[in-house]
There are 2 protein chains.
Amino acid sequence: MKKKKIVVIGGDAAGMSAASKIRREQPDFVIIVFEKSEFTSYSACGIPYFISGKVENLEDLIVRSPSEFIKKYKIDVKILHEVLELDTDNNKVLVHNYSDKTQFWETYDELLIATGGKPFCPDVANRTADGIFGIQTLNSGKKVATYISEYQPKIAVIIGGGYIGLEMAEALILKGIKVTIVNRSTEVMSTLDPDMGKKVNEVLQNLGVTIYNSESLAYFDEQLGKVISVVTDKRTLQTDLVILGMGTAPNTSFLQKSKIKLVENGAIKVNRMQRTNIKNVWAAGDCAETKNLVSKKNFYIALGTVANKTGLVAGTNMAGGDLKFPGVVATAVCKICVYEIARVGLLESECKALKVDFVYTIIKSKTRAHYYPEAKDIWVKLIAEKRSGKLLGGQIIGEEGAAKRIDVLATALHSKLTLQNIIDLDLSYAPPFSPVWDPVQTAARKLIGMI
Amino acid sequence: MKKKKIVVIGGDAAGMSAASKIRREQPDFVIIVFEKSEFTSYSACGIPYFISGKVENLEDLIVRSPSEFIKKYKIDVKILHEVLELDTDNNKVLVHNYSDKTQFWETYDELLIATGGKPFCPDVANRTADGIFGIQTLNSGKKVATYISEYQPKIAVIIGGGYIGLEMAEALILKGIKVTIVNRSTEVMSTLDPDMGKKVNEVLQNLGVTIYNSESLAYFDEQLGKVISVVTDKRTLQTDLVILGMGTAPNTSFLQKSKIKLVENGAIKVNRMQRTNIKNVWAAGDCAETKNLVSKKNFYIALGTVANKTGLVAGTNMAGGDLKFPGVVATAVCKICVYEIARVGLLESECKALKVDFVYTIIKSKTRAHYYPEAKDIWVKLIAEKRSGKLLGGQIIGEEGAAKRIDVLATALHSKLTLQNIIDLDLSYAPPFSPVWDPVQTAARKLIGMI
């Protein structure tokens, strides 16, 4: 009997989670992975910490190397191979080999697309000048670090006030670089409501960051091929370095001529088993859409956790299993210097768009018992459905120990808990860890009085 | 119309939560609180941190003073008043006033018993010698701190290796006192399984604590009224100071002649509304039993969180509301120097007693991304029902950032989640907060392979 042949496009979190799972379940399958870069299974989320110097070696960000996959898992990882085209009628992909600059068609029985995301940037003038970097791959991290040590930039402009923008702000602050953020929304962190975003704004200003909100990138100026300023719709900012933190787009342009169904932003449409519209083609990670369990609608979210989970689900199913990925509650967390920021579920604006009648509150509490020396400020915002008291979303800002509390709210959203359920939760308490009412419960207690 | 008259016995967490709630709901009720000590609404859990010097003033542990309750909330708090007897046939309590040494009967329409717990200690020889302290009330904390500053003890013996024992060990270590723990069980922290308790044992030894497990207190030796040694069933330990950490017993001996139904250990039997067997008598906090939501059996657990919650429920119902306290999942957390210990749900031994067919695993992971400099070791033990994969319990030991993860497991137990549900949870991830699979999910992934 012919051995089943699996091809995986993309050797990072989703692709290698799937490939490893298939190998564990099916020792005889042939598994080929095409990876454009020279790395596999690395933590893209760790790049800011390499740039800041907190993580010394780029190699520390790699969980498993290509040779480890080849030797230990018998997964045929081919690095520096990019898939250019997909022919689902004939079950084959066109591959470009960067080492010998050849191209070839590879056939498959089952295919997984796990090409991840790419930094979003409009096609403005001088977009490709030196000193302008997206933060998405280990190579991009390496390039930024090299650029900083080579040119010793004094000032930097970060375009975008989201997670990548904030994490890179910390990295550059730690390198002694003066940071300016240009941000399109009214407040930074548009994944929070503006009232909480305003607090993040204050936090950033405390850290010495200059912020221009409600301001858009127009184009870049360059000199001798190197970026020298960022021009927005309101001003010109001289700079030695530009970081693009304008979000992530699915890396799926090579599929545009294929029969794979994409949604509006280019993400691959998948069902709960991570199967595309073509029966033997699967997709996982930042190139695919996923389901928001709170809004009950499909959406796009590019996160390492989702990549790992959907990769595992795709791998299980490609190996003959039957596993469904229920979806996410849009949990995200971010640290900038001593400040922690977390969010989950729906924003006020999303509730309005869904025509949900909601109430919300923001409370200020402490991360520990009020008398405990390390007690720090924490703000918790909760949003709940007015009629039922069902939790809809939560946002947290605070110092050490604040953000991981979002996981209780994430678990509550998965379990469709109400505010009364949250008040009843037996959350852990001792003075070094929490006030006797955990801040998320204090928020629930206040909000339940409003429904 | 005659105003309803509420009497509350005990002015700490449960009693004052109830009294405050009644006042908010019923501005016209007469509310009298009898409190034996001179303090109200204080954090008994904070006492070790006052003794260690981390908290400077004993007053910092007080949330609200008697005069604040009297003036701001119109709650008639009578400090230094102890209730000696309860006559439920005639709706009255016999009160002793320590200030003027008088006794009087006070009538009530509704009564709340919130007399809390008392440190458990067998009635051995020289039990009342100087230098032997339980840690339960602010006064006991004050006495220990005074004794330490007056006599400058060099060595101390702590009887009991539970939460109070460990927290007091930290306090005494910080005061430069050499600590020995005498512990009856095979390992310290008998609220954990022995395999995890063994790790806590190692942690304590790393901190320089001497531990004698499987060893029981026989009696104390004294000289001129002061304790000079602890005699166990195996040895004599010279000491300058003894701390009793042998657990908490319900403070209900004054009820033994009353018609209030007590369970075996002396805790007050209550229904889910916190009502006793007598219609207009309620109980809350450490003097009452509560329900374990995992075993579905009533049990006794003395914790500040439960006291606050059951006080709020009793107060709501005494004010005419209709609120039920669902019960707890036995969440507890404790810190000793850099180590964090947490537990929730059932132990292996409890599963066996309930004849539940279970599986368990212990995994070692990191509190942050493996490459993040502040990443510390964390051990997670999970116990699940074999047939259904339903979570039954969890235990965590680790350094900074480890313990609060127990809250996800507590929420999971409240929501009756399975291991697959836990794997599917959208928990927050960024390198400074967690590995991409949170350690509780890594444990669930390993354990699901065993069912």
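Select chains A and B together in this predicted model and display the interface, where 47 residues of chain A are in contact with 47 residues of chain B. On the chain A side of that interface, the elements contributing two or more residues are helix H7 (304-318), strand E21 (332-336) and helix H9, and of these H9(A) gives the most, with 7 residues. Colouring the chain A side by residue class will show how the residues that touch chain B divide: 30 are nonpolar, 10 are polar and 7 are charged.

Next, narrow the selection to residues 406-414 in both chains, which picks out helix H9 of chain A and helix H9 of chain B, packed at an angle of about 20° with their axes 9 Å apart. Because of that angle, H9(A) is roughly parallel to H9(B), and the crossing of H9(A) and H9(B) is right-handed. With side chains switched on, look for Asp407(A), Val408(A), Thr411(A) and Ala412(A), which meet Asp407(B), Val408(B), Thr411(B) and Ala412(B) across the pair. Sorted by class, the contact of H9(A) with H9(B) consists of 4 nonpolar, 2 polar and 2 charged residues.

Now hide chain B and colour chain A by its domain assignment, in which domain 1 is made up of the segments 5-37, 80-117 and 250-318, domain 2 covers 121-246 and domain 3 covers 341-448. Keep domain 2 and domain 3 of chain A in view: their C-alpha centres lie 31 Å apart, and the contact between them takes 8 residues from domain 2 and 9 residues from domain 3. The side of domain 2 of chain A that touches domain 3 has 4 nonpolar, 1 polar and 3 charged residues.

For the last stop, stay in chain A and select the strands E4, E5 and E6, which form an open sheet of 3 strands in the order E4-E5-E6 with antiparallel pairing. The edges of this sheet are strand E4 (81-87) and strand E6 (102-107) of chain A, each of which pairs on one side only. Viewed across the sheet, neighbouring strands are turned by 25° against each other on average, with direction ignored. Zooming in on strand E5 (residues 92-97) of chain A, one can follow the 6 bridges that join E5 to E6(A), the two strands running antiparallel. To finish at the level of single residues, centre the view on His96(A), whose bridge partner in E6(A) is Gln103(A).

Terms used
Residues are numbered from 1 along each chain as its sequence is written. Chains are lettered from A and ligands numbered from 1 in the order in which they are written. This is a predicted model: local features need pLDDT of at least 70, side-chain atom pairs count only at pLDDT 80 or more; totals for chains, interfaces and linings use all residues. Two strands pair if DSSP finds at least two bridges between them. Helices (H or I, at least four residues) and strands (E, at least two) are DSSP runs, numbered from the N terminus. Axes are lines fitted to C-alpha atoms, for helices over the stretch in contact, and angles run from 0 to 180 degrees between N-to-C directions. Angles under 35 degrees count as roughly parallel, over 145 as roughly antiparallel, 65 to 115 as roughly perpendicular and the rest as oblique. A crossing is left-handed if the near helix is turned anticlockwise from the far one by less than a right angle, and right-handed if clockwise. Two residues are in contact if their C-beta atoms, placed from the backbone, lie within 7 Å. Ala, Val, Leu, Ile, Met, Phe, Trp, Tyr, Cys and Pro count as nonpolar, Asp, Glu, Lys and Arg as charged, and the others, Gly among them, as polar. Domain bounds come from an automatic or database domain assignment.
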